[in-house]
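User: I would like to go through the labels used for this structure and see how each one is justified. Could you take me through the reasoning step by step?

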Amino acid sequence: MSSGFQIKPKTAIQKSKTSSSPSSSSPDLAVKPQPRPSDKLNPKTIDPFGDHSKAPSAFSAIYSKGGIPCRLVHGSVKHKLQWECLPETLPFDPLLITLAEGLRETKHPYTFVSKEGFKELLLVEDATEKAIPLLPRLIPVLKAALAHSNGEVFERGLNALIQLSAIVGPALNDQLKHLLTSISKRLMDKKFKEQITVALQKLEQYGGKESVAIIKSKIPTYCSISS
């Protein structure tokens with residue numbers, strides 16, 4: 001091939017001939033194909049390491065590296081957690097937030113560890129004092145779980161919210177309105193209606209009279225337990 005050879009734009013007929021010619025497979029004439037918009041819709045061209053394959057939260061990666069101080073113990077009847085040290089001695093920051101992030105996971109054992117770990121950590125004696133300062137950071141994480149399209153993730157988020165409310169009480173009221181929008185959207189689903197009603201009653205019970213007005217501002221149909 002001459003060094004002065006240049007590839008000129010081909011007509012449709014020339015392209016057809018070129019594609020069928022044996023010389024088109026020559027390394028000297030190989031041209032790297034450009035990505036097409038339709039490639040995104042073809043599973044064979046999707047990068048397995050792209051954003052779509054990332055875990056729902058950072059929890060799974062942290063757990064796999066030993067960053068969560070508890071492990072799942074498989075029992076013959078039910079599973080339980082084994083803590084590396086007493087939960088009372090563990091700092092809530094950032095452990096409680098990390099466990100809350102894990103509520104968005106959808107695979108075992110992350111689902112169980114995050115759910116059970118969050119619950120058990122809130123049962124320690126001084127949980128109230130440790131959890132209240134973290135509320136501004138916990139609420140967006142719980143909101144993400146409540147807004148999740150997966151019904152099981154929503155249920156874990158709702159249960160975690162009730163557990164948190166039982167510990168921090170009225171301190172949650174200032175943040176409650178940020179969560180109620182996601183909860184109210186699920187009321188349209190009969191599957192969650194009773195569960196949400198019970199949850200709202202618990203939020204009122206732990207949040208006091210002030211919480212009623214907050215709940216009604218987002219869910220006008222709510223009937224107070226004191227009425």
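Analyst: A cavity here is a set of grid points where a 1.4 Å probe fits but cannot get out. The model is a predicted one, and a search of the whole structure finds 1 cavity of 30 Å³ or more.

User: How many residues line the largest cavity from helix α7, and which residues make up the lining?

Analyst: The lining consists of L103, K115, R156, N159, A160 and Q163, and helix α7 (residues 151–168) supplies the largest share, with 4 residues. By kind, the lining divides into 2 nonpolar, 2 polar and 2 charged residues, while the space inside comes to about 40 Å³.

User: Why is T98 called buried?

Analyst: The relative accessible area of T98 is 11%, and buried means under 20%, so T98 is called buried. T98 sits in helix α3 (residues 92–101), and, leaving aside neighbours within four places in sequence, T98 is in contact with F59, I62 and I68.

User: What makes R137 and D93 a salt bridge?

Analyst: The closest N and O atoms of R137 and D93 are 3.0 Å apart, and the definition asks for a side-chain nitrogen of Lys or Arg within 4 Å of a carboxyl oxygen of Asp or Glu, so the pair qualifies. This pair links distant parts of the chain, with R137 in helix α6 (residues 135–146) and D93 in helix α3, 44 residues apart.

User: Why are R137 and D93 called partly exposed?

Analyst: R137 has a relative accessible area of 41%, and D93 likewise stands at 41%; because partly exposed covers the range between the 20% limit for buried and the 50% limit for exposed, both residues receive that label.

User: Which labels do E116 and K119 receive, and why?

Analyst: E116, at 15% relative accessibility, counts as buried because the value is under 20%, whereas K119, at 33%, counts as partly exposed because the value lies between 20% and 50%. These two residues form a salt bridge with their closest N and O atoms 3.4 Å apart, and both lie in helix α4 (residues 110–121), 3 residues apart, about one turn of the helix.

User: How do you know that K130 and D126 meet in a salt bridge?

Analyst: The N to O distance between the side chains of K130 and D126 is 3.7 Å, which is within the 4 Å limit, so the pair counts as a salt bridge. K130, with a relative accessible area of 21%, is partly exposed, and D126, with 30%, is partly exposed. A search of the whole structure finds 3 salt bridges.

Terms used: Residues are numbered from 1 along each chain as its sequence is written. This is a predicted model: local features need pLDDT of at least 70, side-chain atom pairs count only at pLDDT 80 or more; totals for chains, interfaces and linings use all residues. Side-chain values use heavy atoms; hydrogens and water are left out. On a 1 Å grid over the protein atoms alone, a cavity is a set of points where a 1.4 Å probe fits but cannot get out, and a pocket is an open set with protein on both sides within 12 Å along at least five of seven lines; lining residues have an atom within 4 Å of a point. Grid points are joined across faces, edges and corners, and a volume is the space filled by probe spheres set on the points. Helices (H or I, at least four residues) and strands (E, at least two) are DSSP runs, numbered from the N terminus. Ala, Val, Leu, Ile, Met, Phe, Trp, Tyr, Cys and Pro count as nonpolar, Asp, Glu, Lys and Arg as charged, and the others, Gly among them, as polar. Buried means under 20% relative accessible area, exposed over 50%, partly exposed in between (1.4 Å probe, protein chains only). Contact means heavy atoms within 4.5 Å.
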